[in-house]
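Colleague: I'm new to this one, could you walk me through it?
Modeller: Gladly, let's put it on the screen and start with a pocket.

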Amino acid sequence: QPDATLVSSLGVLRVVAMVIIAAVVVLLALQNLGVDVQPLVAGLGIGGIAIALAVQNLLSDLFGSLTILLDKPFVVGDSITVGDKSGTVERIGIKTTRVRATSGEQLVFSNSDLLGSRLHNFKRMQERRVQFTVGVTYETSPDLLARVPAIIKEAVTRQKSVRFDRSHLKTLNTSSVDFETVYFVTTSDYAQYMDVQQ
């Protein structure tokens, strides 16, 4: 199966290459017809500055697209979060990147906005740190309270793809004795993390 990111990059690079090739071919054809192209090239240089100022946002997104495709902060299929929006990258285009949100709708980001934002790429996560608190009532016997960390450790280590870190009595709350537990799920799969946590 073709790599979706490679297909996107080839599409962007094809457009840029075609514009450059077309400009060179037109200039060579005019020169072969006997037209003096030096004033035309000079005029294109000045006109190019004016055009570049007029389409500054489009060029910014185009270079943003090339940066995304060459630097690869994310690729098609990665699960990302930008600000308060999160989803899976579906397509990287010349001007925009399309992301399928976790709630189902399609989000469209300008490439330059994506590069200027703090972006979380969860697909490249090696492991997920999980921290949770269990409250035990004060009526619990001291013997059972002393065994709570071992009981939690046993429950955590029975799961697959888990690395246990610690479990300790943390605070004496107004209505409960709170135990804090930390472990790592050694996969980036969110569904597996939720299964382990459950």
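**A pocket, then the rings**

Modeller: This is a predicted model, and in it the second largest pocket holds about 160 Å³ of space.

Colleague: Which residues line the second largest pocket?

Modeller: The lining of that pocket is made up of Ser79, Ile80, Thr81, Ser86, Gly87, Thr102, Phe122, Lys123, Arg128, Ser188 and Tyr190. Two elements, β1 (79-82) and β2 (85-92), give two or more residues each to the lining, and β1 gives the most, with three residues.

Colleague: And by class, how many nonpolar, polar and charged residues has that lining?

Modeller: There are three nonpolar, six polar and two charged residues in the lining of the second largest pocket.

Colleague: Let me step back a bit. How many helices and strands does the protein chain have?

Modeller: The protein chain has six helices and eight strands, and read from the N terminus on, the elements follow the order α-α-α-β-β-β-β-α-β-β-α-β-β-α. Of the 198 residues in the protein chain, 27% are buried.

Colleague: Now the rings: how many aromatic pairs are there?

Modeller: The count comes to two aromatic pairs. One is formed by Phe132 and Tyr183, which are edge-to-face, with 6.2 Å centre to centre and 75 degrees between the planes.

Colleague: Why does that pair tie together parts that are apart in sequence?

Modeller: Phe132 belongs to strand β6 (residues 128-136) and Tyr183 to strand β8 (residues 177-185), so the pair joins parts that are 51 residues apart in sequence.

Colleague: Is Tyr183 buried or exposed?

Modeller: Tyr183 is buried, at a relative accessible area of 2%, whereas its partner Phe132 counts as partly exposed at 21% relative accessibility.

Colleague: What about the rings of Tyr190 and Tyr193?

Modeller: Their centres are 5.4 Å apart and their planes stand at 55 degrees, so the pair of Tyr190 and Tyr193 is tilted, because an angle has to be over 60 degrees to count as edge-to-face. Both residues lie in helix α6 (residues 190-197), three residues apart, which is about one turn of the helix. Tyr193 counts as buried, at 17% relative accessibility, and Tyr190 is also one of the residues that line the second largest pocket.

Colleague: Which residue lies over the face of Tyr193?

Modeller: That is Arg128, at 4.8 Å from the ring centre of Tyr193, and Arg128 is among the residues lining the second largest pocket as well. Elsewhere, Arg163 has its charged end over the ring of Phe184, 4.3 Å from the centre of that ring.

Colleague: Changing topic, where is Thr140 found?

Modeller: Thr140 is in the loop between β6 and α5 (142-157), and with a relative accessible area of 16% Thr140 is buried. A polar atom of its side chain lies 2.9 Å from the backbone oxygen of Thr137.

Colleague: Last thing, what is phi of Lys72 near?

Modeller: Phi of Lys72 is near 55 degrees, which is a positive value in a residue other than glycine. Lys72 sits in the loop between α3 (56-71) and β1, where Lys72 counts as partly exposed at 37% relative accessibility.

Colleague: And what about Ser161?

Modeller: Ser161 has phi near 55 degrees, again a positive value in a residue other than glycine. Its place is in the loop between α5 and β7 (162-172), and at 32% relative accessibility Ser161 counts as partly exposed.

Conventions: Residues are numbered from 1 along each chain as its sequence is written. This is a predicted model: local features need pLDDT of at least 70, side-chain atom pairs count only at pLDDT 80 or more; totals for chains, interfaces and linings use all residues. Side-chain values use heavy atoms; hydrogens and water are left out. Rings of Phe, Tyr and Trp (its six-membered ring) pair if their centres lie within 6.5 Å; planes under 30 degrees apart count as stacked, over 60 as edge-to-face and the rest as tilted. Helices (H or I, at least four residues) and strands (E, at least two) are DSSP runs, numbered from the N terminus. Buried means under 20% relative accessible area, exposed over 50%, partly exposed in between (1.4 Å probe, protein chains only). A charge sits over a ring if NZ of Lys or CZ of Arg is within 6 Å of the ring centre and within 35 degrees of the ring normal. A polar contact is a pair of N or O atoms within 3.5 Å; within protein, one must be able to donate a hydrogen and the other to accept it, and residues adjacent in sequence count only if both atoms are side-chain atoms. On a 1 Å grid over the protein atoms alone, a cavity is a set of points where a 1.4 Å probe fits but cannot get out, and a pocket is an open set with protein on both sides within 12 Å along at least five of seven lines; lining residues have an atom within 4 Å of a point. Grid points are joined across faces, edges and corners, and a volume is the space filled by probe spheres set on the points. Ala, Val, Leu, Ile, Met, Phe, Trp, Tyr, Cys and Pro count as nonpolar, Asp, Glu, Lys and Arg as charged, and the others, Gly among them, as polar.
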